[in-house]
Amino acid sequence: MPSYSFGFIASSTMDDEELASASAALNAGGWGFNAFVRACDGTLTIDARRVGCATFVVRDVGLRGAVCVACARDYVVVCDGARVARVFVVDGSEAALTWMDIPQGVGAVVELGINDDNCMYARDDAGKVWVFDMDDVSGSARALSVAAPARRVAVGSKHAIIVTETGAVYGMGWNLYGTLGLGHCEDVDSPTLISSLERAGVDVVDACCGSNFSILLSSTGDAYACGSNTDGALGLGPNAPPSTSTPTLIDVPDDVSWRRLRCGASHVVATSTSGALYFWGSNAHGQCDADATTHMVVHAPTRARSFAEHPSMVVVGRWHATAVVGNRPIP
């Protein structure tokens, strides 16, 4: 079960046993590191070779039945629905562990995301979305209001996208480049409907956020992009404008539709419905699986060149991507 890493992280040296565990794990990508969590026993593996350090493992984070994991700049958050373990990546060879209890009134947490201001967005099992200040030891949470239960919350550097079960999509936070897809560039402090997609009859089922852009996935397998197009992050081609505040369809060949999309800081890794892997955006560190000496930017969706197999798992970090190739379909 080989793995392939692209960008600002050393090529994986995880052995077959570690990879087998990782392929069945919850996973998230961080600032030059990967985090894998086995849900059954809460074992956390941090693949942290961004500074040449070996993989290290926190054998037990005190959780049983972990359900989600997220990465910030220098720490990993693991949650079992009711309690959050915060594991700091100190120097790539050890970890410090702190705890936070989910307050009463919040349901069982099933999804997490953390922005650069240490705000944690959490979706619970009732479809409610909550915001926590990770620097607030009291663990207090603020509820966000959307018209229907949420199915996905995606978090960028300073913005968030919420997708509901009805196919509507909301944006909030930093909006300098039209990152939220609202047709303007003013920041908003509460979830605001992206009305252009609703008017067009587009049902959104998933989303991902980069530093200052957003990618939205429709129920028909189309991808829409908004925000800053720095380093080709929107995938709209070499002649695209520097930014767009309205979600814009990403052109692809007729036989390609998308199953899953995930963002780094300024690059996107997409899996087609056939299982093939595509990249676009910044390739400054080789994170788009292209020669960084000749292709600093990949302007449009481009199929992976390093391998022909379909990956069973893809982990996307801020400046890297790791693909595990096996026989397990991508969730």
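This passage walks through the fold, the sheets, the cores and the cysteines of a predicted model.

Because the model is predicted, local features were taken only where pLDDT is at least 70 and side-chain atom pairs only at pLDDT 80 or more, while totals for chains, interfaces and linings use all residues. Numbering runs from 1 along each chain as its sequence is written, and side-chain values rest on heavy atoms, with hydrogens and water left out.

The chain is mostly a story of strands: 2 helices and 27 strands turn up, where helices (H or I, at least four residues) and strands (E, at least two) are DSSP runs numbered from the N terminus. Of its 331 residues, 56% are buried; here buried means under 20% relative accessible area, exposed means over 50%, and partly exposed is in between (1.4 Å probe, protein chains only). The accessible surface comes to about 13400 Å², with 49% of that belonging to carbon and sulfur atoms. Those areas come from the Shrake-Rupley method with a 1.4 Å probe, and for residues only the protein chains shown count as cover. As for contacts (heavy atoms within 4.5 Å), 46% of those between residues at least 6 apart in sequence join residues at least 24 apart.

On to the sheets. Two strands count as paired if DSSP finds at least two bridges between them. One open sheet has 4 strands in the order β10-β11-β12-β13, with antiparallel pairing. Its edges are β10 (109–114) and β13 (141–144); each has a single partner strand, so one side of each is left without a neighbour in the sheet. From one strand to the next, the twist averages 25°, with axes being lines fitted to C-alpha atoms (for helices, over the stretch in contact) and angles running from 0 to 180 degrees between N-to-C directions. Within this sheet, β10 pairs with β11 (residues 119–124) in the antiparallel sense over 5 bridges, and E111 has R123 of β11 as its bridge partner. Just ahead of β10, in the loop that follows β9 (95–101), sits G105. This glycine is exposed, at 60% relative accessible area, and its C-alpha atom is 9.3 Å from that of A141, 36 residues away along the chain.

A second open sheet, also antiparallel, has 4 strands in the order β14-β15-β16-β17. Here β14 (150–155) and β17 are the edge strands, each pairing on one side only. Neighbouring strands are turned by 15° against each other on average, direction ignored. β16 and β17 run antiparallel and are joined by 3 bridges, with G173 standing opposite V188 in β17.

The loop between β16 (169–173) and β17 (188–193) holds L180, which is buried at a relative accessible area of 0%. The C-alpha atoms of L180 and I161 are 7.3 Å apart, although 19 residues separate the two along the chain. Beyond its neighbours within four places in sequence, the contacts of L180 include H159, W174, V188, I194 and C226.

Further along, β18 (residues 204–209) is largely enclosed by the rest of the structure, because 5 of its 6 residues are buried. β18 and β19 (residues 213–218) form a hairpin with 3 residues between them. The two strands pair in the antiparallel sense over 5 bridges, and V204 stands opposite S218.

What about the interior? A nonpolar core is taken as a set of buried Ala, Val, Leu, Ile, Met, Phe, Trp, Tyr and Cys residues joined through side-chain atoms within 4.5 Å. The largest one has 31 residues, and I215, W258, L261, L277 and W280 touch the most other members. Strands supplying at least two residues each include β19, β20 (223–228), β22 (258–263) and β26 (311–316). β24 gives the most, with 4 residues. Leaving out residues up to four places away in sequence, L277 touches V269, T302, F307, P311 and A323, among others. Another core, of 27 residues, lies apart from this one and has V129, V163, L180 and Y224 among its members.

Finally, the cysteines. A search of the whole structure finds 0 disulfides, a disulfide being a pair of cysteine sulfur atoms within 2.5 Å. For C226, the nearest cysteine sulfur is that of C209, 8.4 Å away. C226 is buried, with a relative accessible area of 0%, and C263 also counts as buried, at 12%.
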